[in-house]
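Welcome! Here is a short guided tour for anyone meeting this structure for the first time. Take a look at the sequence and the model below, and then read on.

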Amino acid sequence: MGKLLLIIFLVTSLPLLSQDTEANRLFSQAIGKNIRKYRKESRRAYRSKDEERAQFLFDSLIHNVVNGTLLDNFTVRKFSGRKIELHKFKKPTYLITYASWCVPNSAEIPALNDIADKYYREIDFVVLFWGSKNKIRKFKRKYSKRIHVLFVDEKENRNDFAIKIMKHSVGFPTSFFINGNKKILDVRRNHLDNYSEEYATSYNANYQSFMSGVTLLK
C-alpha cells in the first residue's frame, strides 16, 4: 500500500518538478520555475511530520530540476574581507553550505579535514557559511588549511536569488557536487548527526559520507 501511494504521488508531483533540458541552464533559473510548488508541498509535509515525504520532495527537486544545471557565479567573502567569486575555483568543487547556528558533531570536521588533506590536489573543498562572522570564525579555526572557509554577507547579496534559494529552500547543511565546468552533479542534505555515538563510530560514518562525494567528483 505504501509503495502504491508513493507511485501515485510521484506521478502527480513530478510534472510540476519537471526537468529543464535546456543547455547551460543556471541553477537559479531552473529552480525558480519549480520552487513555489516545492515550498508549498514541503511545508505541508513538515507540518504533518512526514519526513519521508519531505525527503522525497527534496530528492525529486534535485534529480529532476537541479542536477545538470550550472552553478550561478555569485560573490562571497574570505575572512580577510576580500571578495571571491565561486567560479574562481577551477577544480571539481565539493561545496558544503553551513550556518553559524548549526553545530557540527565532534567527528565531522576532523573527518572532512582528513579527506581534504588527501584529495585537495584534485578537488576544491569549500565550506560556505551564513551567519555571524564572529561565530563562524570559531568554526574556521577547526578546519584544515586545505579547505576554503568562506561566508555570505547577506547585506551585499540581498538581490541574489541563488543565495536566497540555498538558504531558504535547500537548507543547511547541504553538499553540492560541482564538476570543473560548474555543472551540478548532485545535491545532498547532510543528515549525519551522530551526537550520541562514540567518536570512532561517528568519525567513520562521516568519513564514508564525505568519501562518497569525493568518488562522485573524481
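**A first look around helix α3**

Arg53 counts as partly exposed, with a relative accessibility of 25%. Please keep in mind that this is a predicted model. Arg53 is a good place to start, as its side chain and that of Glu41 meet in a salt bridge, with N and O 2.9 Å apart. Glu41 lies in helix α3 and Arg53 in helix α4 (residues 51-66), so this pair ties together parts that are 12 residues apart in sequence.

**The salt bridges**

- How many salt bridges does a search of the whole structure find? The search finds four.
- Lys37, Glu41, Arg44 and Arg53 are linked in a network of salt bridges.
- Within this network, the side chains of Lys37 and Glu41 meet at 2.8 Å, N to O.
- Lys37 and Glu41 are four residues apart in helix α3, which means that about one helical turn separates them.
- Glu41 also forms a salt bridge with Arg44, and here the closest N and O atoms are 3.8 Å apart.
- Glu41 and Arg44 are three residues apart in helix α3, so they too are separated by about one helical turn.
- A general point helps here: an α-helix has 3.6 residues a turn, so residues three or four places apart point the same way.

**Buried or exposed in the network?**

- Glu41 counts as buried, at 7% relative accessibility.
- Lys37 is partly exposed, with a relative accessible area of 29%.
- Arg44 counts as partly exposed as well, at 35% relative accessibility.

**The two sides of helix α3**

- Helix α3 covers residues 35-47, 13 residues in total.
- From its first C-alpha to its last, α3 reaches 18 Å, close to the 18 Å expected at 1.5 Å a residue.
- Which residues of α3 are buried? They are Ile35, Tyr38, Glu41, Ser42 and Ala45.
- These buried residues cover an arc of only 135 degrees around the axis, so they sit on the same side of α3.
- The face of α3 turned away from that buried side carries the exposed residues Arg36, Lys40, Arg43 and Arg47.
- Just after α3 comes Lys49, which takes a positive phi of about 60 degrees.

**Asn105, a buried loop residue**

- Where is Asn105 found? Asn105 is in the loop between β3 (93-99) and α5 (108-119).
- Asn105 is buried, with a relative accessible area of 4%.
- A polar atom of the Asn105 side chain lies 2.9 Å from the backbone nitrogen of Glu108.
- The side chain of Asn105 also makes a polar contact with the side chain of Ser202, at 3.3 Å.

**Lys88, an exposed loop residue**

- Lys88 is found in the loop between β2 (83-85) and β3.
- Lys88 is exposed, with a relative accessible area of 56%.
- From C-alpha to C-alpha, Lys88 and Asn73 are 8.9 Å apart in space, while in sequence they are 15 residues apart.

Notes: Residues numbered from 1 in each chain as written. Predicted model: local features only at pLDDT ≥ 70, side-chain atom pairs only at ≥ 80, totals over all residues. Heavy atoms only, no water. Helix = DSSP H or I, 4+ residues; strand = E, 2+ residues; numbered from the N terminus. Expected span 1.5 Å × (residues − 1). Buried < 20%, exposed > 50% of the residue type's maximum accessible area, 1.4 Å probe, protein only. Arc of directions from axis to C-beta. Polar contact = N/O pair within 3.5 Å; in protein donor to acceptor, adjacent residues only side chain to side chain.
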